[in-house]
Amino acid sequence: MKDFSLQLANTSRSSYLNFADSIKTAIRTGVLKSGEKLPATRTFSKMLGIHKNTILAGFEELQVEGWIYSKQRKGYWVSDTLPDCFFKAKKLKEEIKYSQNHFPELIWNLNQVPSVNLNLGNKNKIKYHFKGAGPDIREFPVNDFRSYLNESIKRAGSRLFSYDSPKGYDPFLEQVSIYLRRVRGFIPQELVVTHGAQEALFIIAQTLLKFGDCVGVEELGYQSAFAAFKHLGANLIPIQLDENGIIPEHLEEQVKKYKIKLLYLTPLHQYPTTVTLTIERRLKIYEIAVKNNFKIIEDDYDHEFHYKTQPLPPMAAHDPAGIVLYVTTFSKIFSPSARIGILAIPAFLLTHVLKVKKIISYQNDLLLQDALWRWMRAGGFEKHLRRMRKIYQERRDALNSNLLLLQEKQPSLSWRIPNGGMAIWVNLGISSYEFSKKALRKGILIGHENEYTSQENSNSNYGKHIRLFFANSNLIEIKEGMQILRELF
């Protein structure tokens, strides 16, 4: 039995009954759990300053009532089945009613939280996952990365288990800076390590937004980002999309109507449509932002997975006015559970951002950051990326081939093969919401258009697009899942 805190009851009852009542309270409140072993009588006596015989008398009382049981010469344990009187529904209801009548402050009034999909459903019922945003972790080189974790523990030792700067681990930040400069053509002023892109977005919102501020967003986009903005009381201003990304002319119209403070973009592979914002439009949007004094959040969540040509460099790479806040993540290229994101900001924002970061989560895992920079420095990180880029391109092409077969049965289908990303945006020509429900009954999870809208819309049948995520399904799974989808038309 491990140590625990026990407050001795103080009543006019006998000492052994006070002790017994204290144990009951510890069990009721969860300090002691069913099946746990109690400390020895000598330990209790020393801890509480009462005689061993008092402890033994209390144990006997608890055994008689059924709270604990003993094993000869081995000690006492909390009973697996506790006294029935503690669980009687009638008694419990009476206690709740009494509490509400006499202690009204016990009723909790929770703050409103924006709607976010918690993914708490039964995943075992899903056989084919065509909805998502993460890598295929089955392909992760576990043994290779384990060697760098071992090296971190061996060489860096206990200092990795202490507090450090909320900014991040210096060797890791240096390696990320080199990587961004060399691979993405981007030289950041300041970098901050965050718990995924989501924390980075929340930090930006906490730093820059006040209640009632307006945030421009793509009319279809990333719901978790929308939730972060709305949680701070911001108003979302949807900007229209077409096959080339958001439309600058519509952005100008919205800017005339609303005082936009931030514009949130996914310019490389627009989420969820996967289209790439053209250079001409990027320049026009940047010009509008400078002219109207609003900042741009660039969410570059899957930069590495571009297949046809070299991807366009981030907007943050050409930012003379210093208005682009750059967010990226290792979730798509390393592991979603690692919770490693990167926030690149102008130098003057650093102190304020770190204050917010320290309040929210203080710092990220130093051991993981140390192992990651060693892996990156040795070249294993980019080797893994090159391999996954090839795998994902094969899966994209396989999904496209299966969509062509599907189109033979459903001619209304239309899509464009994306140059990059991890999904294909498909126009079904019918209600994507109803289709996704039928697919779910067959064990196939897909994302329908309504799930990505930035506007409140009560009509669940208006959207006709689905987002087919291919990155975490192998070629066999893509073929089998698509065959089942064909049967639904």
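Select Thr274 to begin, which lies in the loop between strand 9 and helix 10 (279-292), with helices (H or I, at least four residues) and strands (E, at least two) taken as DSSP runs numbered from the N terminus. This is a predicted model, in which local features need pLDDT of at least 70 and side-chain atom pairs count only at pLDDT 80 or more, while totals for chains, interfaces and linings use all residues. Residues are numbered from 1 along each chain as its sequence is written, and side-chain values use heavy atoms, with hydrogens and water left out.

Thr274 has a phi near 75°, a positive value in a residue other than glycine. Is Thr274 buried or exposed? Thr274 counts as buried because its relative accessibility is 9%, where buried means under 20% relative accessible area, exposed over 50%, and partly exposed in between (1.4 Å probe, protein chains only). In that loop between strand 9 and helix 10, select also Pro272, which is joined to Tyr271 by a cis peptide bond with omega of about 15°.

**The seven-stranded sheet**

Step back along the chain to strand 9 (residues 260-265), which pairs with strand 5 (residues 214-218) in the parallel sense over 4 bridges; two strands are said to pair if DSSP finds at least two bridges between them. Within this pairing, Val217 has Tyr264 of strand 9 as its bridge partner. Strand 5 also pairs with strand 6 in the parallel sense, over 5 bridges, and there the bridge partner of Gly216 is Ile237 of strand 6.

With strand 5 still selected, colour its residues by accessibility: 5 of its 5 residues are buried. Which residues of strand 5 lie on each side? Cys214, Gly216 and Glu218 are on one side, Val215 and Val217 are on the other, and both faces are covered. In a regular strand the side chains alternate between the two faces of the sheet.

Now widen the selection to the open sheet of 7 strands, whose order is 4-12-11-10-9-5-6, with mixed pairing. Its edge strands are strand 4 (190-194) and strand 6 (235-239), each of which pairs on one side only. Direction ignored, neighbouring strands of this sheet are turned by 20° against each other on average. Add helix 6 (residues 170-183), which packs on the sheet and touches strand 4, strand 11 (324-329) and strand 12 (341-345), a contact being heavy atoms within 4.5 Å. The direction of helix 6 makes about 115° with that of strand 4, given that axes are lines fitted to C-alpha atoms, for helices over the stretch in contact, and that angles run from 0 to 180 degrees between N-to-C directions.

Between strand 11 and strand 12, pick out the loop residue Arg339, where phi is near 55°, again a positive value in a residue other than glycine. Arg339 counts as partly exposed because its relative accessibility is 31%.

**The five-stranded sheet**

The next selection is an open sheet of 5 strands in the order 3-15-16-14-13, with mixed pairing. Strand 3 (128-130) and strand 13 (414-415) are its edge strands, each pairing on one side only. Strand 14 (residues 423-427) and strand 16 (residues 465-469) pair in the antiparallel sense over 5 bridges, and in this pairing Ile424 stands opposite Leu468 of strand 16.

Two helices can be added here. Helix 13 (residues 380-409) packs on the sheet, touching strand 13, strand 14 and strand 16, and its direction makes about 15° with that of strand 14. Helix 15 (residues 475-486) also packs on the sheet, where it touches strand 3, strand 15 (444-448) and strand 16, with its direction at about 85° to that of strand 3.

**The hairpin**

Move to strand 1 (residues 68-71) and strand 2 (residues 75-78), which run antiparallel and are joined by 4 bridges. Tyr69 has Trp77 of strand 2 as its bridge partner. These two strands form a hairpin with 3 residues between them, and Arg73 in the turn has a positive phi of about 65°.

**The whole protein**

Finally, select everything: the protein has 15 helices and 16 strands, and its C-alpha trace spans about 85 × 55 × 50 Å along the principal axes. Buried residues make up 49% of the 489 residues. Among contacts between residues at least 6 apart in sequence, 71% join residues at least 24 apart.
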